[in-house]
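Reader: I am new to this structure and should like to learn the grounds on which its elements are described. May I put some questions to you?

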Amino acid sequence: MIKLVSLFSGSSGNCIFLSDGETRILLDAGLSGKRIEASLSAVGEHPSDLRAILVTHEHSDHTMGIGVLARRYKVPIYASGGTWEAMGTFPGKLAPGQQCRFVPGERFHIGGMEIEPFPIPHDAAEPVGYSFHMQGRKITVATDLGHMNRALLRNLEGSDILLLESNHDIGMLKMGRYPWPLKQRILGDHGHLCNDMAGKVVAHLVANGARCVLLGHLSHENNFPELAWQTAANALAEKNLIPGEGFHLEVARRDQTSSIVWVDGERIWCEPVPFAGLAPEQLTLPGLQQMPGFSGAAKLHVADLMGTDETDDWLTIRVAEKA
Ligand SMILES: [Zn+2]
Ligand SMILES: [Zn+2]
């Protein structure tokens with residue numbers, strides 16, 4: 001069974017978990033090792049089971065935790081040659097076998113996963129998106145896209161499951177408080193993909209068979225989840241496509257785990273993870289009380305709660321639903 005979860009998505013950190021039932025990998029690890037460990041635990045996974053960390057590019061919102069996780073759990077890191085050069089000594093000391101290079105455009109295998117890294121237009125050394133081919137399915141993750149072009153669209157086409165960048169609303173960005181050079185960078189050919197273009201691409205891909213779409217890498221400043229979702233829903237409506245009717249559309253959240261996407265043979269379905277992956281400061285008692293009707297369990301790294309490195313214990317909080 002295939003399992004995909006966006007643990008974190010956005011300009012403040014990106015990390016996706018993917019498993020085919022045997023091989024487990026992370027795609028980017030742009031937060032602290034502890035936050036990623038806690039999020040993995042919340043979806044029933046443990047970093048010691050990871051076979052690889054795949055990196056899209058060297059920006060810190062994609063790489064912050066890679067060195068810590070690689071050393072702590074002896075996981076190899078995969079990146080393009082250009083990304084390795086640009087990261088330099090950043091990941092820290094790694095064993096030689098932990099530095100795996102690939103060439104964008106050339107497929108490689110990890111366990112039963114066939115992985116196809118493809119070039120993306122972004123202001124990094126040699127950035128890539130990834131398509132994963134497994135069990136007759138295609139799963140694609142493409143964020144940090146300066147623009148859409150034919151070659152890129154061909155890489156996205158045929159995906160059953162897709163995580164696509166929907167970074168900003170152009171109006172919000174232009175009217176917002178970012179300095180002009182930064183606005184130019186984001187709007188430029190090697191910056192980030194806007195909601196409108198993401199919506200058009202999503203509509204095209206759903207019309208051609210995509211069954212589950214997560215919109216990701218939202219800007220904190222120039223977007224909000226409802227706006228990104230509605231922009232895509234509007235583009236889909238133009239093709240008479242309605243979320244929930246044959247396909248799933250969801251926004252991958254900044255500091256919260258997305259639904260778990262499951263694939264079993266012909267079936268693809270999404271299971272919400274209530275309350276998982278929230279930052280420890282959000283897991284206070286008042287925070288729990290603010291979520292009426294919530295019931296479930298959250299597993300917390302005690303070291304995170306205490307702000308210390310001295311313990312490796314985990315704490316499980318259970319919340320019963322109010323009658
Ligand atoms: Zn980037
Ligand atoms: Zn990024």
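Reader: What makes strand β14 and strand β15 a pair?

Author: In this predicted model, β14 (residues 260-264) and β15 (residues 267-271) are joined by five bridges in the antiparallel sense. Pairing requires at least two bridges, so the five between β14 and β15 satisfy the criterion. Within this pair, Val 263 stands opposite Ile 268 of β15. The hairpin has two residues between its strands, and Gly 265 adopts a positive phi near 60° there.

Reader: Why is the pairing in the sheet of seven strands called mixed, and what is the order of the strands?

Author: The order is β7-β8-β9-β10-β11-β12-β13, in an open sheet with mixed pairing. Strands of a sheet can pair in either the parallel or the antiparallel sense, which is why a term for the sense of pairing is needed. One parallel case is β10 (residues 137-142) with β11 (residues 161-165), linked over four bridges. In that case Ile 139 lies opposite Ile 161 of β11.

Reader: What makes β7 and β13 edge strands?

Author: Each pairs on one side only, β7 spanning 108-110 and β13 spanning 248-251. From one strand to the next, the twist of the sheet averages 20°.

Reader: How do you know that helix α8 packs on the sheet?

Author: Helix α8 (residues 195-207) touches β11 and β12 (212-216). A contact requires C-beta atoms within 7 Å, so the touching of β11 and β12 by α8 rests on that cut-off. The direction of α8 makes about 165° with that of β11.

Reader: Which strands does helix α9 touch?

Author: Helix α9 (residues 225-237) packs on the sheet against β12 and β13, and its direction makes about 150° with that of β13.

Conventions: Residues are numbered from 1 along each chain as its sequence is written. Chains are lettered from A and ligands numbered from 1 in the order in which they are written. This is a predicted model: local features need pLDDT of at least 70, side-chain atom pairs count only at pLDDT 80 or more; totals for chains, interfaces and linings use all residues. Axes are lines fitted to C-alpha atoms, for helices over the stretch in contact, and angles run from 0 to 180 degrees between N-to-C directions. Two residues are in contact if their C-beta atoms, placed from the backbone, lie within 7 Å.
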